[in-house]
Amino acid sequence: MAGNSFGNLFRLTSFGESHGIAVGAIVDGCPAGLELNEADIQAELDKRKPGSGIAGTKRKESDTVKILSGVFEGKTTGTPICMVVYNEDQQSAGYELVKDKFRPGHADYTYFKKYGFYDYRGGGRSSGRETVARVAAGAIAKKLLDNQGIKILGFVKAIGSIECKEFSEKDLEKIYENELRCPDAKAEEKMKELIKETKASGNSIGGIVEIRAVNVPAGLGEPVFEKLDSQIAGALMGIGAVKGVEIGSGFNAARSFGSENNDQIIAEKGNAKFLSNNAGGILGGISTGQDIIARIAVKPTPSILKKQKTISKSIENTEIEIAGRHDVCICPRIVPVAEAMLALALVNALLEQKARKQ
Ligand SMILES: Cc1cc2nc3c(=O)[nH]c(=O)nc-3n(C[C@H](O)[C@H](O)[C@H](O)COP(=O)(O)O)c2cc1C
């Protein structure tokens with residue numbers, strides 16, 4: 001496989017380049033009869049759109065989606081759904097200056113080694129713009145999950161060393177009203193300060209995004225090579241700039257005793273009740289019925305305004321100064337992308353489970 005598709009039964013194929021004509025998605029395997037229109041997709045794309053917020057880029061795109069196929073009389077037909085978003089605000093000229101130099105932290109060097117040449121205008125396929133496809137497909141996956149009562153909630157957990165601590169599930173439900181997608185107002189103020197300082201110095205900063213799936217039934221996930229946690233980790237790790245994924249207590253599990261990390265179980269009104277959720281809602285690659293909780297480590301945006309050492313295509317030492325419009329912190333814009341990828345992993349697991357048990 002050339003790596004542009006995700007999922008088995010509900011399959012997303014993403015296409016397009018950052019500075020090409022358009023980006024888009026083909027979703028194959030969506031069950032027929034789902035009510036779907038462009039507004040459903042647009043609502044999700046608007047959450048990811050560039051051009052807003054202090055952490056974001058100044059690139060202005062309306063990101064207007066057009067559904068080309070697979071929907072008739074407001075319902076999915078069971079045939080491939082093609083969605084396209086035309087690129088509007090490319091400023092490729094800025095990239096001329098760096099077309100023979102590899103941007104440190106970006107994918108120019110590795111694309112060049114792999115293919116022999118690369119689309120230097122904004123990173124081509126390795127651009128964050130590719131995530132339009134994921135969010136568009138994720139919007140359909142979210143609708144299917146929503147019909148089963150499953151909700152996906154994402155938020156910015158940390159930017160740099162500033163972590164959000166005090167918030168409720170209600171705060172998460174209105175996260176898109178908040179510029180930084182941070183549910184803790186006190187932490188958000190500090191994050192804003194940090195972003196301003198970082199921007200003023202021509203630098204960028206990383207952070208942590210958390211994604212939760214609420215009301216997931218027990219039993220989703222295919223042992224052993226397609227464990228639900230491995231599917232979710234793969235889905236999230238496939239997002240640009242993500243350098244780590246943890247499920248539940250994640251790396252903290254490595255520092256704890258079994259007595260602390262095990263989620264003890266009691267019976268309550270004829271049902272199992274877990275006394276904690278260090279497993280992040282997954283045991284043996286199968287959902288427990290608790291909330292699924294995943295966190296991703298997002299690296300600082302590679303394109304920074306500071307002068308850096310790099311090499312040219314002819315492998316000579318040089319320096320690079322990147323202009324262009326780049327996010328100071330990618331985390332707020334990754335929230336809807338991470339939600340979409342979790343939704344895509346879960347919708348596949350949900351459809352697979354229908355074939356496993358009567
Ligand atoms: C939503 C989103 C927006 C991004 N915006 C930028 C950006 O403005 N500038 C930049 O240099 N990288 C940006 N990136 C990160 C690069 O795409 C990514 O770091 C690069 O492809 C290298 O891949 P890797 O970090 O996964 O190794 C963005 C990524 C995402 C997911």
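User: Why does the distance between the end C-alpha atoms of helix α3 agree with its number of residues?

Analyst: Good place to start, and please keep in mind that this model is predicted. The idea is to work out an expected span from a helix's residues at 1.5 Å each, then compare it with the distance in the model. Helix α3 covers residues 131-147, which is 17 residues, so it should span 24 Å. Its end C-alpha atoms are 24 Å apart, so the two agree.

User: How many of the residues of α3 are buried?

Analyst: Here you look at how much of each residue is left accessible; under 20% relative accessible area counts as buried. In α3, 14 of the 17 residues are buried, which leaves the helix mostly covered. Just after α3 you can also find G149, with a positive phi of about 85°.

User: Which residues other than glycine have a positive phi?

Analyst: Let's take two cases, E73 and A241. E73 is not a glycine, yet its phi is positive, about 50°. You will find E73 in the loop between β5 (71-72) and β6 (75-76). A241 is not a glycine either, and its phi is about 80°. A241 sits in the loop between α6 and β11 (242-247).

User: Are E73 and A241 buried or exposed?

Analyst: Read the relative accessibility for each one. E73 has 70%, so it counts as exposed. A241 has a relative accessible area of 18%, so it is buried.

User: Which residues are closest to the ligand?

Analyst: To read a binding site, list the residues around the ligand, then look at the atoms that face it. Here 16 residues surround the ligand, and A241 is among the closest, together with S126, K299, S303 and H326. Sorted by kind, the shell has five nonpolar, nine polar and two charged residues.

User: What distances separate the ligand's oxygen atoms from N or O atoms of K299, S303 and D327?

Analyst: For polar contacts, look for pairs of N or O atoms within 3.5 Å. An N or O atom in the side chain of K299 is 2.7 Å from an oxygen atom of the ligand. For the side chain of S303, the distance to a ligand oxygen is 2.6 Å. D327 takes part through its backbone, with an N or O atom 3.3 Å from a ligand oxygen. As for cover, the ligand taken alone exposes 630 Å², and the protein buries 87% of that.

User: Where is I320, and what is it in contact with?

Analyst: When you study one residue, place it in its element, check its cover, then list its partners from elsewhere in the sequence. I320 belongs to strand β18 (residues 317-320). Its relative accessible area is 1%, so I320 is buried. Setting aside neighbours within four places in sequence, its contacts include V98, F102, P104, K306 and T310. I320 and F102 show how folding joins distant parts of a chain: they are 218 residues apart in sequence, but 8.2 Å apart in space, C-alpha to C-alpha.

User: Which residues is S312 in contact with?

Analyst: F102 turns up again. Beyond its neighbours within four places, S312 is in contact with D100, K101, F102 and T318. S312 lies in the loop between β17 (308-311) and β18. At 13% relative accessibility, S312 counts as buried.

User: Where does T288 lie, and is it buried or exposed?

Analyst: T288 is in the loop between β15 (286-287) and β16 (292-298). Its relative accessibility is 15%, so it counts as buried. A polar atom of the T288 side chain lies 3.1 Å from the backbone nitrogen of Q290. Among its contacts beyond four places in sequence are A218, F274 and L283.

User: What separates the C-alpha atoms of R11 and I322?

Analyst: Compare the sequence gap with the distance in space, as we did for I320. R11 and I322 are 311 residues apart along the chain, and their C-alpha atoms are separated by 36 Å. R11 is in strand β2 (residues 11-16), and at 27% relative accessibility it counts as partly exposed. The R11 side chain reaches the backbone oxygen of G7 at 2.4 Å.

User: Which residues does a cis peptide bond join?

Analyst: For this feature, check the omega angle. The cis bond joins P223 and V224, with omega about 0°. V224 lies in the loop between β10 (207-214) and α6 (228-237).

Conventions:
Residues are numbered from 1 along each chain as its sequence is written. Side-chain values use heavy atoms; hydrogens and water are left out. A residue is near a molecule or strand if one of its heavy atoms lies within 4 Å of it. A polar contact is a pair of N or O atoms within 3.5 Å; within protein, one must be able to donate a hydrogen and the other to accept it, and residues adjacent in sequence count only if both atoms are side-chain atoms. Accessible areas come from the Shrake-Rupley method with a 1.4 Å probe; for residues, only the protein chains shown count as cover. Ala, Val, Leu, Ile, Met, Phe, Trp, Tyr, Cys and Pro count as nonpolar, Asp, Glu, Lys and Arg as charged, and the others, Gly among them, as polar. Helices (H or I, at least four residues) and strands (E, at least two) are DSSP runs, numbered from the N terminus. The expected span of a helix is 1.5 Å times one less than its number of residues. Buried means under 20% relative accessible area, exposed over 50%, partly exposed in between (1.4 Å probe, protein chains only). Contact means heavy atoms within 4.5 Å.
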